[in-house]
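Visitor: I am new to reading protein structures, and I would like to learn how to look at one step by step. Could you guide me through an example?

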Amino acid sequence: MRPAGLRPVWLAGGVLTVLVALLAGLAFGSVSLPPVGVAAELLNLVPGVRLHSGLTEREVAILTQLRLPRVVLGLLVGGMLALAGAAYQGVFRNPLADPQLLGVAAGAGLGVTAVIALRGNAAGGDATAGLPFGVPVAAFAGALIALTLTWLLGAAGGRDRSPATLILAGVAVSAFLGAAQTFLMQRNVDTLREVYSWLLGRLATAGWHDVLMIVPYAAVTSAIVLAQRRELDVLTVGDDEATSLGLHPQRSRYLLIIAASLATAAAVSVSGLIGFVGIIIPHTIRLLGGPSYRSILPLSVLFGGAFLALADLLARTTGGQAEIPIGVVTAFFGAPFFIVVLRTSRSVAP
Amino acid sequence: MSDAPAVAVADLRVRLDGTLILGGVDLTVARGEWVTIIGPNGAGKSTALRAIGGLLPFEGVVELDGTPVERLHRRDRAKTVATVLQSPVVPPAMRVFDYALLGRTPYIPPLGRESAADLAAVADVLAALDLARFAGRRLDTLSGGERQRVFLARALAQGARTLLLDEPTSALDIGHQQEVLELVDHLRAERDLTVLTTMHDLSTAGEYADRMVLLAAGRVAAAGSPREVLTEAHLAAHYRVRVRVIDGERGPLVVPVRG
């Protein structure tokens, strides 16, 4: 018998879905481009390849300067949010854990708002365009503070942190930090509109700047979380068993929490609060592909990225003139899904 | 150090949240021996077992195969003793094979994957425990008796020569209790294992153990053969109950009587 783990067919399916999302995200929009031409232009980005795509110079510019960075950003942000969600679910052994429900996203949001507000006062203009590279650090600080608060509050009812208690604590922390954020926004009305549009969740139009800003975070956090995939499988039997099997569960847990929070913080700093990716994607994979984190984690990166890139496509093509904020699209699909998870969480719990 | 005892405990003291749970316990388990710790609720049986298994901080001396446990790396300790907790967590949707494979964790290097030897060890253990036909089943769909065998399979897959079993039969009916204990005894002979267990059922405990240790209020109140430990005087003093002890075929049988 083969042990549970990443099946090659699932991996191939994930890579294929990412490619489909990439092509669709590049081909469709206010101006439709032929998918074959888009594919040819993509291959032209590989050094040494020179294909004739049949696209005009303007179309190539739309493709490489506007759409490609946006789709790549969607893939990165979606992958990181889904990975962070899967990691939190494993660490807290809680099927409802997710960057938003734990208050982590709100903490990161407060961190970013503080930076935008302070910067906006000094600089004026569009305060969100081209955020400084230090923004993810502020978001990370906010995320860790929020998570600590949630953890302490969740423990207030006794030593046993039940799934429901932890999520209730997360909701309370989110509400508190949300209030702090609103206060900060009202005190800095000149940046109110920018912060608000960022908050609703959007894949920025700042070209490659945002992509470059979060690539290092995505690389480091994914490497750390994926390296712990076997430990997460052992953690599902509890800390005592994990210890008796020779692991250091507390060390793995801290490492994973820090990495997942950093991933969330980086994602939030470029794209605002995009909910539900961290819960929909890992759960669907768990239901279809089994409970092993050796498959859940890598597949979450792939399918999470593809999901968000496609959600972004929907956000910018269905709203007519005005784009629908992407957070609205993910919530539209995510909220009903969340109810399904709640009803079935006994059978799909990590 | 092949003649060193499998487990040697001296002056074991454990404090939990400031309360002294174990106040200086001495205990030795020779290689191949079956020793059972008994005692009333709260006597510290599970705490002693957990401290020996490395799950709790303690003061005093715990040696496994002659080596102080704090000198063993976590992974090496896991290769020396395998612990089955009283009510192990049953992870939802995990297959029996994957659960047993968790026992190979100390052999799988960080970032590495299971080797052919690991898979063979698991297949061997599942066959030995008559679990091969359950390998692809979800653990959470098995009955209590079957699960207890899977927990044992996970511990055996660890390849440790000493088994620590915390109340291995507490969730089972008497038929399955006997089945599991017979299985442990059979494996002990076949695989040259040492068994240290805690148990509540005194008669059953006495039938299987070579030696028994009676803990009361965190200290050893009596130790020796089942006949030496399971006496009406000891049990009356520490369990606060009137009992009759009858001579059985395999050991003393303890029958509580109304006072």
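Guide: We will go through helix packing, strand pairing and the contact between chains, bearing in mind that this is a predicted model.

Visitor: Let us begin with helices; how does one describe two of them that pack together?

Guide: Two packed helices are described by the angle between their axes and by the distance between those axes. In chain A, helix α1 (residues 8-27) and helix α2 (residues 35-44) pack at an angle of about 110 degrees, with their axes 9 Å apart. Because angles from 65 to 115 degrees count as roughly perpendicular, α1(A) and α2(A) are roughly perpendicular to each other. The crossing in which α1(A) passes α2(A) is right-handed.

Visitor: Which residues of α1(A) and α2(A) meet there?

Guide: From α1(A) come A:Leu23, A:Leu26 and A:Ala27, and they meet A:Pro35, A:Val38 and A:Ala39 of α2(A). Sorted by class, this contact of α1(A) with α2(A) has six nonpolar residues, with no polar and no charged ones.

Visitor: Now for sheets: in what order do the strands of the open sheet in chain B lie?

Guide: The open sheet has four strands in the order β2-β1-β4-β5 of chain B, and their pairing is antiparallel. Since β2 (19-29) and β5 (67-68) of chain B each have a single partner strand, they stand at the edges, and one side of each is left without a neighbour in the sheet. At one of these places, strand β4 (residues 59-64) of chain B is joined to β5(B) by two bridges, and B:Leu64 stands opposite B:Thr67 in β5(B). Helix α1 (residues 45-52) of chain B packs on this sheet, where it touches β1 (7-16), β2 and β4 of chain B, and its direction makes about 115 degrees with that of β1(B).

Visitor: What pairing does strand β9 of chain B have, parallel or antiparallel?

Guide: Both senses occur, for β9 (residues 211-216) pairs with β3 (residues 34-38) of chain B in the parallel sense over four bridges, while five bridges join β9(B) to β10 (residues 219-224) of chain B in an antiparallel run. In the hairpin of β9(B) and β10(B), two residues lie between the strands, and B:Ala217 takes a positive phi near 50 degrees.

Visitor: Finally, how many residues of the two chains are in contact?

Guide: Chain A brings 22 residues into contact with 28 residues of chain B. On the side of chain A that touches chain B, the largest share, four residues, comes from α10(A), and the residues of that side divide into ten nonpolar, nine polar and three charged.

Note on methods. Residues are numbered from 1 along each chain as its sequence is written. Chains are lettered from A and ligands numbered from 1 in the order in which they are written. This is a predicted model: local features need pLDDT of at least 70, side-chain atom pairs count only at pLDDT 80 or more; totals for chains, interfaces and linings use all residues. Two residues are in contact if their C-beta atoms, placed from the backbone, lie within 7 Å. Ala, Val, Leu, Ile, Met, Phe, Trp, Tyr, Cys and Pro count as nonpolar, Asp, Glu, Lys and Arg as charged, and the others, Gly among them, as polar. Axes are lines fitted to C-alpha atoms, for helices over the stretch in contact, and angles run from 0 to 180 degrees between N-to-C directions. Angles under 35 degrees count as roughly parallel, over 145 as roughly antiparallel, 65 to 115 as roughly perpendicular and the rest as oblique. A crossing is left-handed if the near helix is turned anticlockwise from the far one by less than a right angle, and right-handed if clockwise. Two strands pair if DSSP finds at least two bridges between them.
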